[in-house]
Amino acid sequence: MATTFGPIQDFAAGGIAGWSGLCVGHPLDTLKVKLQVSEVDMLGNLIPSTTKKMSEAFVIMNKEGMINGHFRGFLSPFVSYGLLNAVYFGVYGNVLTFLDEKANATSSLMSKFKPNYFNIYLAGCAGGLAQTIPGCPFELTKVVLQSQVGNAPGLKYYKGPLEALFDIVRKNGLMGCYRGFLIHNIRDIPSCGVYSLSYEYFCYRWKNHYPKVSGDVLNFISGGLTGVISWLMILPIDVIKNRIQADCHKKLYRNSWHCTKATYREGGIPLFFKGWVAVSIRAFLVNSITLMVYSYIKNNYRKKRH
């Protein structure tokens, strides 16, 4: 009889998997934010996102150095990423178990039975909702730090996430920490549902079609494709979210709709897909590693308990 993966194991595996993917993907995440958000350089010149090329954004990151450029804002997701992935996978695993038990079915990430895709989608959406509640303040400070360039004249340059967070709370109150919370949920809830559903689909189909291929290889490829699909489908929403959160003191945008209209006037439809190459590369690497590690821990736990 198979041993179920309990709540504690779900949270622990999710945390380890999240940290594994973060270390690989953060520089690409910084590159993505820099492409999507207009910046002011150290001379006070505006660098609009509409004209910014990937090579130019990369040059800016190189000039700022490894810590202040490529890994700018890393501490915030480093502290939160394990927690948020633990929350996502923990809620996902437990909601899926509950839904499957109600339907008298069994379905897991690498199940030999046909998965219940509707239950998987709902469980993924539940995990997405749960992680945005603690995750929004961390995401806000990360985006604020990533979108800053040097000591630009007239702008406060934050040395780290705590300084940024305290300044945001001082000027905007506790609700300032949840700047962009609605658009954050609009981005994460459906994409997390598609994230879990597409991963389960790829794993189930490919395991049956290619039984001789290593499960770790299938998990790696499935996770990478899953990440690309789930990110590209919400990229326009991600652009709005990042621009809203980079404007943490509400100097440019009143709300998400105002930001959407201003973004369209600034660069039209192409601006909503700005940074798609960086997003795709990052999504493949981060999610292939994250889901491979999660599945590896889950499968080996079951083998040891048999």
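This report walks through a predicted model of one chain, from its overall make-up to a few local details.

## Overall make-up

The chain has 10 helices and 2 strands. Read from the N terminus, the order is α-β-β-α-α-α-α-α-α-α-α-α. One helix therefore precedes the two strands, and helices follow them to the end of the list.

The chain holds 306 residues, and 53% of them are buried. Its exposed surface comes to about 14500 Å². Carbon and sulfur atoms supply 68% of that surface.

Contacts across the sequence are a feature here. Take the contacts in the chain with a separation of 6 or more: 79% of them join residues 24 or more positions apart.

## A buried polar pair: Glu139 and Lys241

Glu139 sits in helix α4, which covers residues 117-146. Lys241 belongs to helix α8, residues 235-246. The two side chains make a polar contact with each other, at 2.9 Å.

Are these residues buried or exposed? Glu139 has 15% relative accessibility, so it counts as buried. Lys241 is at 0%, and it counts as buried too. The cut-off for buried is under 20%.

Their surroundings can be listed, leaving aside residues up to four places away in sequence. Glu139 touches His184, Arg187, Lys241, Asn242 and Gln245. Lys241 is in contact with Glu139, Val143, Ile183, His184 and Arg187. His184 and Arg187 appear among the contacts of Glu139 and also among those of Lys241.

## Cysteines without a bridge

How many disulfides does the whole structure contain? The search finds 0. Cys125 is in no disulfide, and the nearest cysteine sulfur to it is that of Cys192, 7.8 Å away. For Cys192, which is in no disulfide either, the nearest cysteine sulfur is that of Cys125. A disulfide needs the two sulfur atoms within 2.5 Å, so a pair at 7.8 Å does not qualify.

Both cysteines lie under cover. Cys125 is buried, with a relative accessible area of 12%. Cys192 is at 8% relative accessibility and counts as buried.

## The bent helix α9

Helix α9 runs over residues 256-271, which makes 16 residues. Its end C-alpha atoms are only 15 Å apart. A straight helix would reach 22 Å at 1.5 Å a residue. Where does α9 bend? The bend is at Arg265, and it amounts to about 85 degrees.

The buried residues of this helix are His258, Cys259, Ala262, Thr263, Gly268 and Leu271. Helix α8 is included in what covers them. That is also the helix in which Lys241 is found. At the start of α9, a side-chain oxygen of Asn255 comes to within 3.2 Å of the backbone nitrogen of Trp257.

## A loop residue with a distant partner

Pro115 lies in the loop between α3 (75-102) and α4. It has 6% relative accessibility and counts as buried. Along the chain, Pro115 and Tyr204 are 89 residues apart. In space, their C-alpha atoms are separated by 7.7 Å.

Notes. Residues are numbered from 1 along each chain as its sequence is written. This is a predicted model: local features need pLDDT of at least 70, side-chain atom pairs count only at pLDDT 80 or more; totals for chains, interfaces and linings use all residues. Side-chain values use heavy atoms; hydrogens and water are left out. Helices (H or I, at least four residues) and strands (E, at least two) are DSSP runs, numbered from the N terminus. Buried means under 20% relative accessible area, exposed over 50%, partly exposed in between (1.4 Å probe, protein chains only). Contact means heavy atoms within 4.5 Å. Accessible areas come from the Shrake-Rupley method with a 1.4 Å probe; for residues, only the protein chains shown count as cover. A polar contact is a pair of N or O atoms within 3.5 Å; within protein, one must be able to donate a hydrogen and the other to accept it, and residues adjacent in sequence count only if both atoms are side-chain atoms. The expected span of a helix is 1.5 Å times one less than its number of residues. The bend at a residue is the angle between axes fitted to the seven residues ending there and the seven starting there.
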